[in-house]
Amino acid sequence: MPERLHYLFVCRANVDRSPTAEAVCRSLAQENGLHIEASSAGMSRGAVRPVTKEMADLADTIFVMEPDMAIAMVEVYGQNPAKIVCLDVPDIYERDEPRLVWMLEQKLYEYLIREELL
């Protein structure tokens with residue numbers, strides 16, 4: 001395992017889902033003593049922080065919110081499908097909404113356990 005893992009969370013506009021996921025991941029990493037650096041970006045042109053190929057290349061794992069985003073990460077950004085995880089989180093939540101935070105915590109815990117990081 002590398003000294004520090006880098007996780008990139010991607011949604012459409014980088015306003016609600018991916019910044020929330022970034023914060024949840026940082027919190028989980030800190031609480032569990034994991035060396036994970038989290039960042040977030042959006043796929044739309046008007047995103048707060050637009051995703052770039054360089055950003056994607058640096059990530060060990062890219063978490064996308066919807067299946068079409070996984071396809072775009074491969075086709076547009078040239079990423080290996082093996083490093084992409086689809087969280088299946090629909091664009092119906094506001095930033096830091098308790099239900100969104102809870103859902104992301106569950107999905108990230110499951111992923112970290114599956115990867116034997118927890």
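The buried residues of helix H1 are covered by several parts of the chain, including strand E1 (5-11), strand E2 (36-42), helix H3 (67-75) and helix H4 (98-114). The model described here is a predicted one, and H1 makes a convenient place to begin a tour. This helix has 16 residues and reaches 22 Å from its first C-alpha to its last, close to the 22 Å expected at 1.5 Å a residue. Its buried residues are Arg17, Ser18, Pro19, Thr20, Ala21, Glu22, Val24, Cys25, Leu28 and Ala29. As background for reading such a list, an α-helix has 3.6 residues a turn, so residues three or four places apart point the same way. Just after H1 comes Gly33, whose phi is positive, at about 65°.

Arg17 deserves a closer look. Helix H1 spans residues 17-32, and Arg17 is found in it. With a relative accessible area of 1%, Arg17 falls under the 20% cut-off and is therefore buried. Which partners does its side chain meet there? One is Glu66, whose side chain is joined to that of Arg17 by a polar contact of 2.7 Å. Another is the backbone of Val89: its oxygen lies 2.6 Å from a polar atom of the Arg17 side chain. Setting aside neighbours within four places in sequence, the residues in contact with Arg17 are Cys11, Arg12, Met65, Glu66, Met69, Val89, Pro90, Asp91, Leu100 and Leu104.

The aromatic rings offer a second point of interest. Across the whole structure, a search finds four aromatic pairs. One of them is formed by Phe9 and Phe63, which are stacked, with 4.8 Å from centre to centre and 15° between the planes. Because Phe9 lies in strand E1 and Phe63 in strand E3 (residues 61-64), this pair ties together parts that are 54 residues apart in sequence. Both Phe9 and Phe63 are buried.

Phe63 also pairs with Tyr111. The centres of these two rings are 5.0 Å apart and their planes stand at 85°, so the pair is edge-to-face. Here too, distant parts of the chain are linked: Phe63 belongs to strand E3 and Tyr111 to helix H4, 48 residues apart. Tyr111, like Phe63, is buried. Which residues do the ring pairs gather into a cluster? The members are Tyr7, Phe9, Phe63 and Tyr111.

Helix H4 thus appears in both parts of this account: among the elements that cover the buried residues of H1, and as the home of Tyr111. Strand E1 likewise helps to cover H1 and holds Phe9.

Terms used:
Residues are numbered from 1 along each chain as its sequence is written. This is a predicted model: local features need pLDDT of at least 70, side-chain atom pairs count only at pLDDT 80 or more; totals for chains, interfaces and linings use all residues. Side-chain values use heavy atoms; hydrogens and water are left out. Helices (H or I, at least four residues) and strands (E, at least two) are DSSP runs, numbered from the N terminus. Buried means under 20% relative accessible area, exposed over 50%, partly exposed in between (1.4 Å probe, protein chains only). A polar contact is a pair of N or O atoms within 3.5 Å; within protein, one must be able to donate a hydrogen and the other to accept it, and residues adjacent in sequence count only if both atoms are side-chain atoms. Contact means heavy atoms within 4.5 Å. The expected span of a helix is 1.5 Å times one less than its number of residues. Rings of Phe, Tyr and Trp (its six-membered ring) pair if their centres lie within 6.5 Å; planes under 30 degrees apart count as stacked, over 60 as edge-to-face and the rest as tilted.
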